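These are my notebook entries on a structure that I looked up for the first time. I record what I checked, in the order in which I checked it.

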Amino acid sequence: MEKYIIKGGTPLVGEVEIGGAKNAALAILAASIMTDETVLIENVPDVRDTNVMMQSMESIGAQIVKLDRHTYKINGSRIHNQVILNEGIKKIRASYYLIGALLGKYRNAEVPLPGGCNLGTRAIDQHIKGFRGLGATVNVRHGSVIAHAENLRGAHIFMDKVSVGATINVIMAAVMAEGRTVIENAAKEPHVVDLANFLNSMGANIKGAGTDVIRINGVPKLHKTEYTIIPDQIEAGTYLMAAAATQGDITVKNVIPKHLECIYAKLSEIGCQVQESDDEVRVVATGKLGNTQVKTLPYPGFPTDMQPQMTVILGMSQGISIVTESIFDNRFKYVDELARMGSDIKVEGNTAIITGVDRYTGAEIAAPDLRAGAALVIGALAAEGESVVTDVRYIQRGYEDFHLKLAKLGGQIELVDVPDENENNYTETSFGKVVS
Ligand code: UD1
């Protein structure tokens, strides 16, 4: 079992390169099999979720060649069936993107129900409603979503809830449907826009991505493309939060500052200095930070994926802060772990009432999920003394070289591997040969 051993109390200082967006990559990888021509994708983050996604694609016949750590050539012409049996896929939420991609291209898909972080109820009714709206028959049987259509026809689809996954999935199912689809109340997250840009570069006709009304004119087929995935908003935001938590000074490089505004606006409000340029954002924190109120909302609101990191900072800030989680119904599980480091946080329903403490003290803590895991690491880096963070496999689902990047910023963090017989490991994968 891998663990992080962290000695806290050192301000993190320096520059950090941000990788490709995990959540955009997962959608784009799935969509890459929607043409029979070869697609080149750059800036794919080397994290567990993207590796599991590619392994599942390979299991149905996609050919994937790794050109370097972040660049892949993908060809979907030899896909021989649309039934995903791969075990690993059950562990990631984005498995559902293979339903939209396969249904859109082959009019047929059978994919195990999605897993991913346990953040409470994670329904897929809006995905199913969208597929059915386009004319597909969709059933859930023996733990899999089974979708089939003789013909997909464009339709007017009103999402009852703003959902990133459902918006992306319906776009994929609709790009090669007959006629025009309109998605109302669509999600506006940067990765929805990235997926639409990717599909448009393959010949799709999608307009309005980034607004709440997306219009898609179906095209008969898609073609090859070369595409670079956008930088990861949440990875970048996490390092900015690490600067704030440790009284540090961090510049995130290779980012789209506009995507980070909703995050650094809060840091600025509690007293951090923020500077942005074309593709960099710098956060400097000196002295005790202030308190605030935060409510998670769909983009461009404050992202739910930054909520645990923000709570960790507010737990050491002056006065009382309130954090309200409005996207997921079980996203404060990490608060019990943070309490081991001396925090004073009371959770009532979907609200955390945070009384800032002077500082955290090192403890043994377990990462409950991806983002909360990263947040606890940040807390440990700020804490006095040594911490041990277990279950780091959750963090590795979405952060490439997390401990190495933190160490480069001066964090005293080490990854150690202790054998554990009961460990439920992810199956690792390798893709062809690395061609230089
Ligand atoms: C995606 C992100 C995740 C992020 C989340 C919100 C990926 C792989 N994951 O997750 O990191 O935290 O967006 O920004 O991109 N809902 C329904 N019915 C549905 C779909 C969703 O009720 O059919 C609800 C969910 O339970 C949740 C809310 O809508 O309460 C938002 O979910 P959604 O935007 O779909 O999140 P994901 O796509 O799962």
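**Entry 1: leucine 406.** I looked up the contacts of leucine 406, leaving aside its neighbours within four places in sequence, and found Leu12, Tyr239, Val377, Leu381, Gly411 and Ile413. The model I am reading is a predicted one. Leucine 406 sits in helix α13, which spans residues 402-408. Is leucine 406 buried or exposed? Its relative accessible area is 1%, and the cut-off for buried is under 20%, so leucine 406 counts as buried. I also checked its separation from proline 114: the two are 292 residues apart in sequence, and their C-alpha atoms are 31 Å apart in space.

**Entry 2: the nonpolar cores.** I next asked which residues touch the most other members of the largest nonpolar core. That core has 78 residues, and the ones I noted are Met53, Tyr97, Leu98, Ile171, Val175 and Leu199. Helix α1, residues 22-31, contributes the most to this core, with 8 residues. Apart from this core I found another, of 70 residues, which includes Leu260, Val281, Leu338 and Ala352.

I then followed tyrosine 97. Not counting residues up to four places away in sequence, tyrosine 97 touches Leu26, Ala27, Ala30, Met53, Val164, Gly165, Ile168, Asn169 and Met172.

**Entry 3: the ligand.** I turned to the residues around the ligand, of which there are 22. Tyr96, Gln126, Ser163, Asp305 and Ile327 come nearest. By class, I recorded 8 nonpolar, 8 polar and 6 charged residues in this shell.

I listed three polar contacts with the ligand.
- The side chain of asparagine 23 has an N or O atom 3.2 Å from an oxygen atom of the ligand.
- The side chain of aspartate 125 has an N or O atom 2.7 Å from a nitrogen atom of the ligand.
- For glutamine 126 it is a backbone N or O atom, 2.6 Å from an oxygen atom of the ligand.

How much of the ligand does the protein bury? The ligand taken alone exposes 740 Å², and the protein buries 91% of that. Two elements give two or more residues to the shell, α4 (125-133) and α5 (164-174). Helix α4 supplies the largest share, 3 residues.

**Entry 4: glutamine 126.** I closed with glutamine 126, which lies in helix α4. Its relative accessibility is 7%, so I entered glutamine 126 as buried. Leaving aside its neighbours within four places in sequence, I found glutamine 126 in contact with Phe158, Met159, Asp160, Lys161 and Ala166.

Definitions and conventions
Residues are numbered from 1 along each chain as its sequence is written. This is a predicted model: local features need pLDDT of at least 70, side-chain atom pairs count only at pLDDT 80 or more; totals for chains, interfaces and linings use all residues. Side-chain values use heavy atoms; hydrogens and water are left out. A nonpolar core is a set of buried Ala, Val, Leu, Ile, Met, Phe, Trp, Tyr and Cys residues joined through side-chain atoms within 4.5 Å. Buried means under 20% relative accessible area, exposed over 50%, partly exposed in between (1.4 Å probe, protein chains only). Helices (H or I, at least four residues) and strands (E, at least two) are DSSP runs, numbered from the N terminus. Contact means heavy atoms within 4.5 Å. A residue is near a molecule or strand if one of its heavy atoms lies within 4 Å of it. A polar contact is a pair of N or O atoms within 3.5 Å; within protein, one must be able to donate a hydrogen and the other to accept it, and residues adjacent in sequence count only if both atoms are side-chain atoms. Accessible areas come from the Shrake-Rupley method with a 1.4 Å probe; for residues, only the protein chains shown count as cover. Ala, Val, Leu, Ile, Met, Phe, Trp, Tyr, Cys and Pro count as nonpolar, Asp, Glu, Lys and Arg as charged, and the others, Gly among them, as polar.
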